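Got the viewer open and a selection box ready? Let's walk through this one stop at a time.

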Amino acid sequence: MKFTRHLAAALLAVTVVVALGVAWEHSSAARMIAPSVPAPGGPGFRKLIKAPSAPGSHGDFQVIRGRGGVRVVHPQPESGGLNVSDLQNLTRTAEIEAAIAAVVVTLSLIRRSQRRARTRARLRTAGQAAAAGPQPGPETAD
Amino acid sequence: MTDLEPGPTLDTATAVTTRRRRALARTRVDFWLDATILVGFILAYSFGFTGPVIHEWLGLALGLVLLVHLTLHWDWVVRTTRRLVTRRGRDRVIWLVNLALLAAMTLCVASGIVISRVAMPTLGILTVSTPFWNRLHILTAEITLGLVPVHAALRWRWIVSVARHLVTRRPGRRSR
């Protein structure tokens with residue numbers, strides 16, 4: 001029950017983000033990332049269409065009429081499978097991830113050691129003050 | 001009266017043990033799920049290595065696993081958001097990184113669905129991409145690439161602690 005409630009909340013959060021993305025697409029701010037995006041209300045081109053026939057065979061194509069014209073879509077443009085010859089692509093991604101993580105961990109360790117040094121210095125000062133005992137007060141004339 | 005004391009004490013001990021076991025099991029689930037997401041994202045980002053078919057199916061699977069990840073940590077989201085004002089600076093940084101990551105990853109998966117050339121047509125849905133969704137996919141993927149290691153590294157002590165526990169656990173012995 002708790003999981004379902006949390007799942008619903010998570011789905012709502014995700015929906016809000018996606019809705020913001022769609023709103024961004026239809027706003028003039030979309031030009032920030034895609035300068036060629038048509039103005040709102042213009043001949044935009046995005047449409048989800050249920051495929052009439054079962055896709056899967058190579059060579060199948062679908063002609064889609066959108067607001068901006070006609071487009072031919074190949075449902076199965078490429079065959080699957082790992083491209084082992086491009087292993088460098090994978091290792092580069094892993095290296096980037098590792099490098100960023102290493103920087104964050106190093107910064108965290110530096111910050112932690114600084115905090116510890118400050119705490120040690122404070123404790124040392126307090127210990128020295130305690131070891132010195134009560135300081136004699138100013139002499140007063142009787 | 002003293003004869004009655006062991007009963008409730010044993011019950012309490014059993015309850016504590018059960019709770020502890022559940023917490024440990026949950027920690028293991030969290031750890032392996034997070035590790036799967038990290039490896040999955042690294043693979044999915046390496047488009048040249050995976051090719052479009054694996055890239056798209058992996059991306060869709062990653063979207064579902066992310067939803068589970070967010071669901072499992074929803075308590076943390078609510079708790080931290082409520083105490084955001086009174087929390088320390090580090091917790092605020094973690095919260096902001098996580099929020100940015102949620103937005104970036106969600107938009108990355110959503111834009112990936114819109115520009116899909118293999119997975120969605122196989123499911124019977126044809127999608128036609130626009131330059132906006134294409135560029136949004138690339139942009140959010142790059143932002144995610146930067147934020148994922150930050151997100152993981154900010155919790156490196158938890159990762160090291162759980163990994164050490166899992167590695168040093170004796171085989172055949174259940175942790176209590």
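How are α1(A) and α4(B) oriented to each other: roughly parallel or roughly perpendicular? This is a predicted model, so keep that in mind at each stop. Select α1(A), residues 2–26, together with α4(B), residues 89–114. Their axes come within 9 Å and cross at roughly 70°. Since an angle of 65 to 115 degrees counts as roughly perpendicular, that is what α1(A) and α4(B) are to each other. The crossing is a right-handed one.

Now show the side chains where the two helices meet. From α1(A), pick A:A13, A:V14, A:V17, A:V18 and A:G21; from α4(B), pick B:L102, B:A103, B:T106, B:L107 and B:A110. Colour this contact by class and you get eight nonpolar residues, two polar ones and no charged ones.

Next stop: another pair of helices across the two chains. Select α2(A), residues 87–131, and α6(B), residues 131–153. Here the axes come within 8 Å and cross at roughly 45°, which makes α2(A) oblique to α6(B). This crossing, too, is right-handed. On the α2(A) side, click A:I96, A:E97, A:I100, A:A101, A:V104 and A:V105. They meet B:L145, B:G146, B:V148, B:P149, B:V150, B:A152 and B:A153 of α6(B). By class, this contact holds 11 nonpolar residues, one polar and one charged.

Time to look at the largest nonpolar core, which has 37 residues. Start with B:F41, B:A104, B:M105, B:L107, B:C108 and B:V109, the members that touch the most other members. Then widen the selection: chain A gives two or more residues from each of α1 and α2, and chain B does so from α1, α2, α4, α5 and α6. The largest share, 10 residues, comes from α4(B). B:L107 deserves a second click, as it also sits in the contact with α1(A). For B:C108, leave out residues up to four places away in sequence, and what remains in touch is B:H137, B:T140, B:A141 and B:T144.

Two loops of chain B come next. Is B:L84 buried or exposed? Find it in the loop between α3 (74–82) and α4. B:L84 has 12 C-beta neighbours inside 10 Å, so it counts as exposed. Beyond four places in sequence, B:L84 touches B:R92 and B:W95. Try the distance tool from B:L84 to B:G63: they are 21 residues apart in sequence and 27 Å apart, C-alpha to C-alpha.

The other loop runs between β1 (125–127) and α6 of chain B, and B:S129 is in it. With 18 other C-beta atoms within 10 Å, B:S129 is partly exposed. Setting aside neighbours within four places in sequence, its contacts are B:V114, B:I115 and B:N134. Draw a line from B:S129 to B:T18: the two are 111 residues apart along the chain, and their C-alpha atoms are separated by 51 Å.

Finish by zooming out on chain A. What pattern does chain A follow along the sequence? Reading along, you meet α-β-β-β-α, that is, two helices and three strands. Of its 142 residues, 8% count as buried. Take the contacts in chain A between residues at least 6 apart in sequence, and 11% of them join residues at least 24 apart.

Terms used. Residues are numbered from 1 along each chain as its sequence is written. Chains are lettered from A and ligands numbered from 1 in the order in which they are written. This is a predicted model: local features need pLDDT of at least 70, side-chain atom pairs count only at pLDDT 80 or more; totals for chains, interfaces and linings use all residues. Axes are lines fitted to C-alpha atoms, for helices over the stretch in contact, and angles run from 0 to 180 degrees between N-to-C directions. Helices (H or I, at least four residues) and strands (E, at least two) are DSSP runs, numbered from the N terminus. Angles under 35 degrees count as roughly parallel, over 145 as roughly antiparallel, 65 to 115 as roughly perpendicular and the rest as oblique. A crossing is left-handed if the near helix is turned anticlockwise from the far one by less than a right angle, and right-handed if clockwise. Two residues are in contact if their C-beta atoms, placed from the backbone, lie within 7 Å. Ala, Val, Leu, Ile, Met, Phe, Trp, Tyr, Cys and Pro count as nonpolar, Asp, Glu, Lys and Arg as charged, and the others, Gly among them, as polar. A nonpolar core is a set of buried Ala, Val, Leu, Ile, Met, Phe, Trp, Tyr and Cys residues joined through C-beta atoms within 7 Å. A residue is buried if 20 or more other C-beta atoms lie within 10 Å of its own, exposed if 12 or fewer, and partly exposed in between; C-beta atoms are placed from the backbone.
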